[in-house]
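Student: I should like a close look at a single part of this model, namely the protein surface that faces one of the DNA strands. Please describe it in a connected way.

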Number of protein chains: 2
Amino acid sequence: MKDGPSISHVAALIGDPARANMLVALMDGRALTVSELAECAGVALPTASGHLARLGDAGLVTPAKQGRHRYFRLADGDVAAAIELLMGIAERTGARPARTGPRDAAMRAARVCYDHLAGERAVRLAERLVEDGCIGEGETPDLTDAGRTLLAGLGIAIPTQGRRPLCRTCLDWSERRNHLAGALGAAILGHVLAQGWAARGPGRVVRFTPAGAAAFDRAFGL
Amino acid sequence: MKDGPSISHVAALIGDPARANMLVALMDGRALTVSELAECAGVALPTASGHLARLGDAGLVTPAKQGRHRYFRLADGDVAAAIELLMGIAERTGARPARTGPRDAAMRAARVCYDHLAGERAVRLAERLVEDGCIGEGETPDLTDAGRTLLAGLGIAIPTQGRRPLCRTCLDWSERRNHLAGALGAAILGHVLAQGWAARGPGRVVRFTPAGAAAFDRAFGL
DNA sequence: TCAATGCTTCGGCTATGGCCGAACTATGAA
DNA sequence: TTCATAGTTCGGCCATAGCCGAAGCATTGA
């Protein structure tokens, strides 16, 4: 009677189609206004406002007032991780016809998950890092000395340790294996974009240039 | 717009309190019957049956027929992981310590779980029995000679061994630790009621009399 | 100061879906 | 065979909560 209802409250919030659409729209880590989210969810503005108030109360999104706009973003990586996991479960049931459009293929290849990289290449990276002993295993792996050396060589500054874990695993919905999240995951995405190895496409898609993909693979020994 | 609804379907399934309770009850990996899950969820059997059919369709639980029972277990670790994550999010919000009504407090103190005792006192009993070497450990602990002696002294007949395990552990909702189920768990509850140490209240609540509580604690050395 | 924009609150409508009792099927026991 | 137990299906009741339009703040710009 204790855990049940409390998780059901959170799950019920995600369980409404309009709210789910909003949350998915926020999965790329950007902040959107109430009007934009209403548009994404396909509901009228008052309805969206009500939904967002409830999501905010439950700590799934955080508001930021700016002028006469109110921006909302996902509260943190855990919320993004939960949504990714639910996507994986939803997909596996086969309820969804395959329908693998071109945009879908790009999403599978590489995309943003909150503030880090997800998709096929991100999963390969994560597995390689473990294999090479650069990071440990588990939910919040350690960054080893080997890992620090590798990153230093690439010119990626190791984020200072705050409240947020340096490394975290996040289950990838398209690959069904872990990719790397946490502060370091965010730093790597930043590096990839800063180097021009890839650029953000529409929505969550991340497009690697041919040269960028090669550089990425070389950098991490893929 | 395509992902939203599909994750919302899964989330909505978890989002119903009755179903959430069932899923949480299954979190220890064991399989439970429809009746047991109905009891855990606090709903009637037909209602539980319907819920489980939907959870099964969505691939969150898997059924296994055995005789005239139908056992359900969580489909896989991903489902468990998603529930854990949702628990974490729900907890961090601090959202729901709220509704601690009198009936709720009574439920936490002592209640019936299927046909045995659950709640704070039941968990203490189970831990004491293990500590005193009266029963073993694991999912279906053995009853030791020390345990048989204790029960004989209290005048509790040891149930004849049928298909049902004599001792079984059952995860306690409110305490999140194990209490004692199985044929012996049922026998102990029967004894408690027969001795007038406690009486069934409304719903699942079990109310101990002051003298009954003292007698119970003395009997088991709590 | 007035107007325009962005958002929230309110009130009322509606439908989804959760719940149960009763009746029915299937399995096992006597 | 007959009875008992476990579970499913059906029908109907009812509450929750999702939705929108209208009206009410609040912030910005003229």
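Tutor: In this predicted model, H4(B) makes the greatest contribution to the surface near DNA strand D, supplying 5 residues. Around DNA strand D there are 19 residues, and those that come nearest are A:Ala44, B:Thr33, B:Ser35, B:Pro46 and B:Ser49. Two or more residues of this surface are given by each of H4 of chain A and, in chain B, helix H3 (34-41), H4 and strand E3 (69-74). By class, the surface near DNA strand D comprises 8 nonpolar, 7 polar and 4 charged residues.

The surroundings of the other strand may be set beside this. DNA strand C is surrounded by 20 residues, the closest being A:Ser35, A:Pro46, A:Ser49, B:Ala44 and B:Gly67. Here H4(A) provides the largest share of the surface, with 6 residues. At least two residues each come from helix H3 (34-41), helix H4 (45-57) and E3 of chain A, and from helix H4 (45-57) of chain B. The class composition near DNA strand C is 9 nonpolar, 7 polar and 4 charged residues.

E3 of chain A, one of the elements contributing to the surface near DNA strand C, also belongs to a hairpin with E2(A). Strand E2 (residues 61-66) and strand E3 (residues 69-74) of chain A pair in the antiparallel sense over 6 bridges. Within this pairing, A:Thr62 stands opposite A:Arg73 in E3(A). The hairpin has 2 residues between the strands, and A:Gly67 adopts a positive phi near 60°.

Terms used
Residues are numbered from 1 along each chain as its sequence is written. Chains are lettered from A and ligands numbered from 1 in the order in which they are written. This is a predicted model: local features need pLDDT of at least 70, side-chain atom pairs count only at pLDDT 80 or more; totals for chains, interfaces and linings use all residues. Two strands pair if DSSP finds at least two bridges between them. Helices (H or I, at least four residues) and strands (E, at least two) are DSSP runs, numbered from the N terminus. A residue is near a molecule or strand if its C-beta atom, placed from the backbone, lies within 6 Å of it. Ala, Val, Leu, Ile, Met, Phe, Trp, Tyr, Cys and Pro count as nonpolar, Asp, Glu, Lys and Arg as charged, and the others, Gly among them, as polar.
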